[in-house]
Amino acid sequence: NNVLVNDKLATKASYKVKAHDKVVVKEGALESLLAAQEQKAEQLASPEPDDSVKFEIVCETKTYAVVNKPYGLTVHPGAGNESGTLVNGLLHRFGADGLSSQHDTHRLDKDTSGLMVVALNDAAHAQLQQQFEERSVSKVYRALVAGKPPCSADPSAWNRIDRAIVRSADDSTKMAVAKNNNVKGAKPSQTDYRVVRCWRTGKQTHYTLLELRLLTGRTHQIRVHLSSLGTPIVGDIIYSRQSNKQRVLDEQSRTHLMLAAVNLEFNDPESNERVSFQIDMPDHMQHCVTLLDEKCDVLKNDSSAAVASTKTTKSDNKLDEKEAKRLA
């Protein structure tokens, strides 16, 4: 109720101002808005401890802690998430003096669960950050996908997705596979995967449990890469095409992203010794795997996956190329 356009109350923030429009802002409104924005910025810069945030501490040393972030928990405060984040919980657990001033070393998406390392002082943060920049930190994920991706005849061999990722031209909150590395804003991205288990639920319907490792760390990288193969992660409402959104096992698989960071390996920032941590898949993923084991046929790992997925992959690549052309 603070803005008038042509002597009428402005009711839509999306209104596009035209030439010769008369815009009047009520006295004091801008000052109040700026003050509120300043207050919010201070709140984000100095988050408060929150004892209601629940997470598991897998390991704690003098210099770092490894935590298991649950599904649905945002890592860092931001617009719309000023409190109730992992950082708020870490501040309650360790205190401001017992945590690096940077608060986190790396992040996981809100809907991705699993292992994270947290620096407990600034020196450890700088050392861990360097390892992430040098890509010496190893992260392994498990994902349950709809479909059967192309894979090697050797079940132990890693298969690589080497496709540049760029911000979507249609939605700035989403990422997309670019046609090539020359597309403006495209960043080279590599994801390795191998099949852990594959199920057949019908003549042409499959689900596959994958193990994945990141060679680069782009936003939504695993989700975008797997979707580009025509095998989106179960429960991914952002990167699943409409036909795949219906391919869910039950209500839990519709509401939970079936992606978790289950292994984390890095050099101890104090001793420089290599340390490794591993956890089981979260309950919502274990539930779906059990459901598939009970109701579906388990397929052997073989090269037939590559043949079966060729048609789907080719079709999906055309969609990605169209988007890349709009971005070029």
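## From an N-terminal sheet to the buried core

An open sheet of 3 strands has the order β2-β1-β3, and its pairing is antiparallel. The edge strands of this sheet are β2, residues 8-9, and β3, each of which pairs on one side only. Strand β1, made of residues 3-5, is joined to β3 by 3 bridges, with the two strands running antiparallel, and within this part of the model Leu4 stands opposite Val24 in β3. The model shown here is a predicted one, and what follows should be read in that light.

The region around this sheet also carries a nonpolar surface patch of about 580 Å², made by Val3, Tyr15, Val17, Val23, Val25, Leu30 and Leu33. Two elements, β3 (23-25) and α1 (29-45), each supply at least two residues of the patch, and Leu30, one of the patch residues, has its place in helix α1.

Seen as a whole, the chain has a secondary structure of 8 helices and 15 strands. Of its 328 residues, 45% are buried, while its accessible surface comes to about 17800 Å², with 47% of that area belonging to carbon and sulfur atoms. Among contacts between residues at least 6 apart in sequence, 66% join residues that are at least 24 apart.

Helix α2, residues 86-94, offers a case of an element that is mostly covered, with 7 of its 9 residues buried. The buried residues in question are Leu86, Val87, Asn88, Gly89, Leu90, Leu91 and Phe94, and they pack against three strands, namely β4 (56-60), β5 (64-69) and β6 (113-119). Just after α2 comes Gly95, which takes a positive phi of about 80°.

The largest nonpolar core has 65 residues, and of these Tyr64, Leu144, Leu226, Ile233 and Phe266 touch the most other members. Strand β13, residues 259-267, gives the most to this core, with 6 residues. The surroundings of Leu226 can be listed in detail: leaving aside residues up to four places away in sequence, Leu226 touches Ala143, Val145, Ile161, Leu210, Leu212, Thr231, Pro232 and Ile233.

Strand β13 leads on to its neighbour, for β13 and β14 pair in the antiparallel sense over 5 bridges. Along this pairing, Asn263 has Gln278 in β14 as its bridge partner. The hairpin that the two strands form has 6 residues between the strands, and in it Asn272 takes a positive phi near 70°. Strand β14 itself, residues 274-278, has two faces, a covered one with Val275 and Phe277 and an uncovered one with Arg274, Ser276 and Gln278. From the uncovered face, the side chain of Arg274 meets that of Glu265 in a salt bridge, at 3.1 Å from N to O. Both partners count as partly exposed, Glu265 with a relative accessible area of 25% and Arg274 with 37% relative accessibility.

Turning to charged pairs more broadly, side chains of opposite charge can pair when their charged atoms come close. Where a nitrogen of Lys or Arg within 4 Å of a carboxyl oxygen of Asp or Glu is taken as the rule, the count comes to 10 salt bridges. In one of them the side chains of Arg194 and Glu211 meet at 2.9 Å, N to O. Because Arg194 lies in strand β11 (residues 190-200) and Glu211 in strand β12 (residues 206-214), the pair ties together parts that are 17 residues apart in sequence. Since buried means under 20% relative accessible area, the two partners fall into separate classes: Arg194, at 23%, counts as partly exposed, whereas Glu211, at 16%, counts as buried.

Another salt bridge brings together the side chains of Asp236 and Arg223, at 3.0 Å from N to O. Asp236 lies in the loop between α4 (221-228) and α5 (242-245) and Arg223 in helix α4, so this pair ties together parts that are 13 residues apart in sequence. Here Asp236 counts as buried at 3% relative accessibility, and Arg223 likewise counts as buried at 5%. Neither residue is confined to a single isolated pair, in that salt bridges that share partners join Asp109, Arg223 and Asp236 into one network.

Terms used. Residues numbered from 1 in each chain as written. Heavy atoms only, no water. Patch = residues over 30% accessible without salt bridge, like charges linked within 9 Å, V, L, I, M, F, W, Y side chains within 5 Å. Areas by Shrake-Rupley, 256 points an atom, 1.4 Å probe, with all protein chains shown as cover. Helix = DSSP H or I, 4+ residues; strand = E, 2+ residues; numbered from the N terminus. Buried < 20%, exposed > 50% of the residue type's maximum accessible area, 1.4 Å probe, protein only. Contact = heavy atoms within 4.5 Å. Core = buried A, V, L, I, M, F, W, Y, C linked by side-chain atoms within 4.5 Å. Pairing = 2+ DSSP bridges.
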